[in-house]
Structure formats: C-alpha cells, structure tokens
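Colleague: Please take a close look at one part of this model for me, then walk me through the rest from there. Plain words are best, as I am just starting out.

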Amino acid sequence: MEALSVSKSQTITNRDWIENDHAGEMLASEFMEPLGLRSIDLAAAIDVSQLRIEALINGDAPVDGELDLRLTRYFRMSEGFFLRLQNQYDLLEAKRALNGALDRIVPRAA
C-alpha cells in the first residue's frame, strides 16, 4: 500500500494563503451586516460618498488614512484599525505576486 503524501506548499496548507479578505469585506461582514447598516447610511454618517463606501466594500478601493479616521471614529475603534486590515491585505497580495522571489533574496548580516 502506497503512503499518501501531503503537500508542504504554503498556498495549499496555510489558511492565510487561501483567504485574503480586503478591508472592505471586513467592514461589510463584521460591522455593517451585524448592525443592519446600509452603505448609504454609513456614508452619510461619516460624510463620504456612498460610491466610496461601495468601492471599498467591493474591494475596488483601499482604505486610506482619512477614511480610516472616519470609520474608526464612527465605530469607536482605535485609529489605524482599518488601515492595518488594508495593510495585511496588501502585503499578502504582494507576497503572492512575488511568487517566491523573496526566497531568493539573501538577507544581509548586520
């Protein structure tokens, strides 16, 4: 009987590589949906356009510093919360795009 082999590839075995939620997806699923908050109502509450909120939710636009400050004030979160979500998303997307190129970089000794 042949032993089963298991892939050691990060992209298959590491859940973080499978899912990469955009900050807008997190805004919608973790904040807006539980509160029954519509994009038009959130936009009005934080004084931005509804299109900007919808672009964020759809992953078509990133969170910037100004939007983070508006969202964190509204949801009573610490400043930078949504920027950190965006940064995590961006870093994983960049790592995926590099497709192993980082492994070929030899770190310089201090």
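Modeller: Let's start at Arg 96, which is partly exposed, with a relative accessible area of 27%. Bear in mind that this is a predicted model. The side chain of Arg 96 has a partner: Glu 93 joins it in a salt bridge, and the closest N and O atoms are 2.9 Å apart. Both residues sit in helix 7, which covers residues 81-98, and they are three residues apart, or about one turn of the helix. Glu 93 is partly exposed too, at 30% relative accessible area. What makes such a pair possible? Side chains of opposite charge can pair when their charged atoms come close.

How many salt bridges does the structure hold? There are five. In one of them, Arg 38 meets Asp 41, with N and O 2.9 Å apart. Why does Asp 41 count as partly exposed? Because its relative accessibility is 33%, and the partly exposed class runs between the 20% and 50% cut-offs.

Another bridge joins Arg 52 and Asp 64, whose closest N and O atoms are 3.0 Å apart. This pair links distant parts of the chain: Arg 52 belongs to helix 5 (residues 50-57), while Asp 64 lies in the loop between helix 5 and helix 6 (65-74), 12 residues away. Arg 52 has a relative accessible area of 25%, so it is partly exposed. Asp 64 falls in that class as well, with 33%. These two also take part in a network of salt bridges, where Arg 52 and Asp 64 are linked with Glu 66 and Arg 70.

Now for some loops, where the backbone does something worth a look. Asp 47 is not a glycine, yet its phi is positive, about 60°. You'll find Asp 47 in the loop between helix 4 (39-46) and helix 5. With 61% relative accessible area, Asp 47 is exposed. Arg 76 tells a similar story: its phi is positive at about 55°, although Arg 76 is not a glycine. Its spot is the loop between helix 6 and helix 7, and Arg 76 is exposed, at 79% relative accessible area.

Back to the end of helix 7 for a moment. Leu 98, Leu 102 and Ile 105 make a nonpolar surface patch of about 270 Å². Leu 102 lies in the segment after helix 7, and is partly exposed with 44% relative accessible area.

Last stop, helix 3. Its 13 residues (23-35) should span 18 Å at 1.5 Å a residue, and the end C-alpha atoms are 17 Å apart, which agrees. Even so, helix 3 has a kink of about 30°, centred on Ser 29. Which residues of helix 3 are buried? They are Ala 23, Gly 24, Leu 27, Ala 28, Phe 31 and Met 32. The cover over them includes helix 4, helix 5, helix 6 and helix 7, so the helix of our opening pair, helix 7, turns up again here as part of that cover. Just after helix 3 comes Gly 36, with a positive phi of about 65°.

Definitions and conventions. Residues are numbered from 1 along each chain as its sequence is written. This is a predicted model: local features need pLDDT of at least 70, side-chain atom pairs count only at pLDDT 80 or more; totals for chains, interfaces and linings use all residues. Side-chain values use heavy atoms; hydrogens and water are left out. A salt bridge is a side-chain nitrogen of Lys or Arg within 4 Å of a carboxyl oxygen of Asp or Glu. Buried means under 20% relative accessible area, exposed over 50%, partly exposed in between (1.4 Å probe, protein chains only). Helices (H or I, at least four residues) and strands (E, at least two) are DSSP runs, numbered from the N terminus. Patches are made of residues with over 30% relative accessible area and no salt bridge: like charges are joined within 9 Å, nonpolar side chains (Val, Leu, Ile, Met, Phe, Trp, Tyr) within 5 Å. Accessible areas come from the Shrake-Rupley method with a 1.4 Å probe; for residues, only the protein chains shown count as cover. The expected span of a helix is 1.5 Å times one less than its number of residues. The bend at a residue is the angle between axes fitted to the seven residues ending there and the seven starting there. Contact means heavy atoms within 4.5 Å.
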